[in-house]
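Trainee: Could we go through this model together?
Mentor: Certainly; please bring it up.
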Amino acid sequence: MVLPYDDTYFMKKALQEAEYALEAGEVPVGAVIVVQDRIIARAHNLTEKLNDVTAHAEMQAITSAANFLGGKYLKDCTLYVTLEPCQMCAGALYWSQIGKIVYGAKDLQRGYGVMGTTLHPKTKITGGILKDDAARLLQEFFAKKRT
Ligand SMILES: [Zn+2]
């Protein structure tokens with residue numbers, strides 16, 4: 001059987017990371033970085049655990065992927081992240097020169113789009129992959145927080 005290594009397949013892996021974040025009481029955002037159909041980095045939001053506002057899933061994943069590759073640029077990599085990156089992460093992704101970004105739900109408050117941040121001109125971007133699953137996890141988190 002040939003596994004369907006498509007955007008949905010890898011986004012499911014990122015959603016799994018978001019679920020780990022939810023279980024740990026973190027804002028549930030997860031990310032994986034892929035090179036040639038191989039996951040080289042997995043991460044989720046750790047801002048509570050590390051007491052660090054910069055500990056977003058994407059930031060962890062960028063560092064982890066660069067360590068794995070032994071080089072700071074991620075030109076041949078694709079980032080899968082469950083929520084549209086914020087402007088900090090978009091900035092970090094700019095510096096990484098990442099090849100492609102695939103995100104799930106759009107962040108209408110703090111996404112890089114609404115914040116007016118630009119990505120690297122060579123970075124391709126796709127949004128909306130499994131967006132309902134990503135949004136459901138976030139809703140679950142914030143509903144729990146309110147009670
Ligand atoms: Zn971010």
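Trainee: Is Thr47 buried or exposed?
Mentor: Thr47 counts as buried, because its relative accessibility is 17%; buried means under 20% relative accessible area, exposed over 50%, and partly exposed in between, with a 1.4 Å probe and protein chains only. Please note that this is a predicted model, in which local features need pLDDT of at least 70, side-chain atom pairs count only at pLDDT 80 or more, and totals for chains, interfaces and linings use all residues. Residues are numbered from 1 along each chain as its sequence is written, and side-chain values use heavy atoms, with hydrogens and water left out.

Trainee: Where is Thr47 found?
Mentor: In the loop between strand 2 (38–44) and helix 2 (57–69). Helices (H or I, at least four residues) and strands (E, at least two) are DSSP runs numbered from the N terminus.

Trainee: And which residues is Thr47 in contact with, leaving aside neighbours within four places in sequence?
Mentor: Glu26, Asp52, Val53, Ala55 and His56, where contact means heavy atoms within 4.5 Å.

Trainee: Changing topic, what are the protein donors of the zinc ion?
Mentor: His56 (ND1), Cys86 (SG) and Cys89 (SG), lying 2.0 to 2.3 Å from the ion. Donors are N, O and S atoms within 2.8 Å of the metal (3.2 Å for Na, K and Ca); water is not among the atoms, so sites may look incomplete.

Trainee: Which spacing do the donors follow along the chain?
Mentor: H-x29-C-x2-C. His56, in the loop between strand 2 and helix 2, and Cys89, in helix 3 (residues 87–96), link distant parts of the chain, 33 residues apart.

Trainee: Is Cys89 buried or exposed?
Mentor: Cys89 counts as buried, at 0% relative accessibility, whereas His56 is partly exposed, with a relative accessible area of 23%.
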